[in-house]
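Me: I'm new to reading protein models. Can we go through some of the terms used for this one?

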Amino acid sequence: MDSDFDLIVVGGGSGGLAGAFRAAALGAKVALLEPADLGGTCVNAGCVPKKAMWLAAETARRLRMAGSLGFAEQDCHLDWPEFVAHRQRYIQNIHASYRRRLDAAGIATLPVRGQLLDANTVQCDNGVQLRAERILLATGGHATRPGIPGAGLGDTSDGFFEWTAAPGTVAIVGGGYIAVELAGVLQALGSQVEMFVRGERMLASFDAELVDQLVEDYRQAGVHMHFGTETAAVEREGDGLVLVDGEGGRHGPFEKVLFATGRSPNSSGLGLDIAGVALDEKGHVVIDDGQATSVPGIFAVGDLCTDMPLTPVAIAAARRLMDRLYGGVDRRLDREAIPTVLFSHPPIGKVGLDETAARELHGDDVHVLRTGFRPMLHALADSPQRSLFKLVCVGDAKRIVGIHLMGEAADEILQGFAVAMRMGATLDDLRDTVAIHPTSAEEVVLMR
Ligand SMILES: Cc1cc2nc3c(=O)[nH]c(=O)nc-3n(C[C@H](O)[C@H](O)[C@H](O)COP(=O)(O)OP(=O)(O)OC[C@H]3O[C@@H](n4cnc5c(N)ncnc54)[C@H](O)[C@@H]3O)c2cc1C
């Protein structure tokens with residue numbers, strides 16, 4: 001085939017960059033199309049700035065706690081623009097590092113939007129047409145607002161990252177991980193936060209017992225939670241915004257309304273219909289277990305497709321795909337036990353099955369162990385925050401099939417235990433491991 005490249009990657013976010021780097025390292029001639037900042041959602045409007053804000057919020061919480069430990073009273077007010085300057089400098093360093101690595105790898109990087117013309121041709125929005133033997137689609141997703149009157153008066157997570165001060169009052173609409181994370185950040189940084197959740201529960205994919213405790217923690221911290229509340233409209237009232245619920249109840253006024261009501265794949269305007277790439281009913285590109293779309297030679301990774309919308313998932317899928325296409329190794333993403341963390345206050349980490357899912361699969365063969373305790377710092381400061389850790393095991397051997405940690409440092413503790421679980425660890429393996437004392441992590445190996 002007469003082509004310019006072995007591989008064209010459309011989208012320079014988590015998945016696209018990982019795929020481009022791995023393919024080039026394996027000898028492929030690669031072009032990468034990215035019209036915006038390198039790094040995509042994760043680096044520019046997702047994981048990285050979110051974690052930075054979470055760290056600021058944790059620092060504020062520590063400063064507040066320090067007063068109870070004998071330190072002089074601290075000023076917990078954050079100079080938000082100064083912190084944003086630190087955050088953005090960190091992000092700019094990531095951009096510069098990607099740029100250097102792309103140049104060093106010999107990847108042709110074009111600041112353009114791409115659209116498929118057929119299975120081997122991409123039309124760039126600067127008029128250039130590129131041809132390649134294979135195409136990787138990695139265009140990610142975008143935040144959506146509900147189709148209600150006044151939705152445009154509120155912000156999404158993209159707008160949140162442009163704020164320059166904590167709003168005095170804020171309504172957060174949604175009960176998923178982004179809603180919960182941003183609620184925790186804003187409350188810790190001084191906002192009066194109200195959350196509006198449509199269902200009776202939030203965080204449906206997390207262990208219900210841990211979520212119940214988190215809700216209690218948020219309430220104690222001062223977040224006002226409304227469950228079973230459908231948001232029907234947002235109206236301007238004087239300087240503020242009023243949220244109208246499905247029963248005509250009015251809430252507010254709030255300085256800001258933040259919608260964290262979902263994300264949709266960036267699949268329109270990509271020429272998928274022209275090339276014949278199949279989509280699901282929500283517009284995600286349908287892939288098989290090896291990232292192949294319905295069109296031979298066209299592959300997809302990340303939030304654009306039906307995989308879990310997480311950065312490490314997009315990266316792992318892209319690397320494995322390139323190892324197969326250009327490295328001759330048959331590797332595929334194992335979607336069984338993907339660890340993930342909710343950056344709430346305190347954080348929740350989970351991997352594998354929760355208690356309910358395990359019982360559906362294994363019935364009475366399921367054994368659940370749990371431990372609740374007060375982490376040392378919180379005990380010293382007489383703070384009410386507690387940790388709750390759960391292990392879900394199956395069979396006589398008590399093989400670990402789920403680990404659910406809520407509490408101080410859960411975000412850092414989980415990764416190593418996820419490796420153990422993947423390797424088939426049993427409860428005895430954990431118990432045979434000597435504890436590291438005094439830590440929160442030791443509670444995982446000491447569970448009875
Ligand atoms: C607020 C928030 C917090 C998050 N926190 C976490 C977290 O803590 N941990 C975690 O693992 N995940 C987190 N995520 C999810 C994570 O950001 C995504 O799963 C990840 O970025 C997906 O990578 P991707 O490569 O599929 O897409 P993206 O990273 O979104 O990259 C897609 C790129 O494609 C480009 N593009 C779009 N259309 C075209 C086109 N036609 N031509 C060329 N380029 C195009 C876009 O400009 C973009 O740069 C968070 C997301 C949000 C919104």
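**Helices, a pocket and the backbone**

Reply: Start with helix 3 and helix 4, which pass each other in a right-handed crossing. Keep in mind that this is a predicted model.

Me: What makes the crossing of helix 3 and helix 4 right-handed?

Reply: The word describes a turn. A crossing is right-handed because the near helix is turned clockwise from the far one by less than a right angle. Helix 3 and helix 4 fit that case. Their axes come within 10 Å and cross at roughly 140 degrees.

Me: Which residues make the contact of helix 3 with helix 4?

Reply: Helix 3 brings Val48, Pro49, Ala52, Met53 and Ala56. Helix 4 brings Trp80, Phe83, Arg87, Tyr90, Ile91 and Ile94. The contact divides into 10 nonpolar residues, no polar ones and 1 charged.

Me: Why is helix 1 called roughly parallel to helix 4?

Reply: Set the angle against the cut-off. The axes of helix 1 (residues 14-25) and helix 4 (residues 80-105) cross at roughly 30 degrees. Angles under 35 degrees count as roughly parallel. So helix 1 is roughly parallel to helix 4. The crossing of these two helices is left-handed.

Me: How do you know which residues of helix 1 and helix 4 meet?

Reply: Contact means heavy atoms within 4.5 Å. By that test, Leu17, Phe21 and Ala24 of helix 1 meet Tyr98, Arg101, Leu102 and Ala105 of helix 4. These residues divide into 6 nonpolar, no polar and 1 charged.

Me: What is the volume of the second largest pocket, and which residues are the closest to its centre?

Reply: The volume is about 540 Å³. The pocket is lined by 24 residues, and Arg61, Ala221, His378, Ser383 and Gln385 are the closest to its centre. Helix 3 gives the largest share of the lining, 6 residues. The lining divides into 9 nonpolar, 8 polar and 7 charged residues.

Me: Where are the cis peptide bonds at Pro253 and Pro346?

Reply: One joins Gly252 and Pro253, with omega about 5 degrees. Pro253 sits in strand 13 (residues 250-254). Another joins His345 and Pro346, also with omega about 5 degrees. Pro346 lies in the loop between strand 17 and strand 18.

Me: Why point out a cis bond or a positive phi?

Reply: Because most peptide bonds are trans, and most residues other than glycine have a negative phi. Lys398 is not a glycine, yet its phi is positive, about 50 degrees. Lys398 is in the loop between strand 20 and strand 21.

Technical notes
Residues are numbered from 1 along each chain as its sequence is written. This is a predicted model: local features need pLDDT of at least 70, side-chain atom pairs count only at pLDDT 80 or more; totals for chains, interfaces and linings use all residues. Side-chain values use heavy atoms; hydrogens and water are left out. On a 1 Å grid over the protein atoms alone, a cavity is a set of points where a 1.4 Å probe fits but cannot get out, and a pocket is an open set with protein on both sides within 12 Å along at least five of seven lines; lining residues have an atom within 4 Å of a point. Grid points are joined across faces, edges and corners, and a volume is the space filled by probe spheres set on the points. Helices (H or I, at least four residues) and strands (E, at least two) are DSSP runs, numbered from the N terminus. Ala, Val, Leu, Ile, Met, Phe, Trp, Tyr, Cys and Pro count as nonpolar, Asp, Glu, Lys and Arg as charged, and the others, Gly among them, as polar. Axes are lines fitted to C-alpha atoms, for helices over the stretch in contact, and angles run from 0 to 180 degrees between N-to-C directions. Angles under 35 degrees count as roughly parallel, over 145 as roughly antiparallel, 65 to 115 as roughly perpendicular and the rest as oblique.
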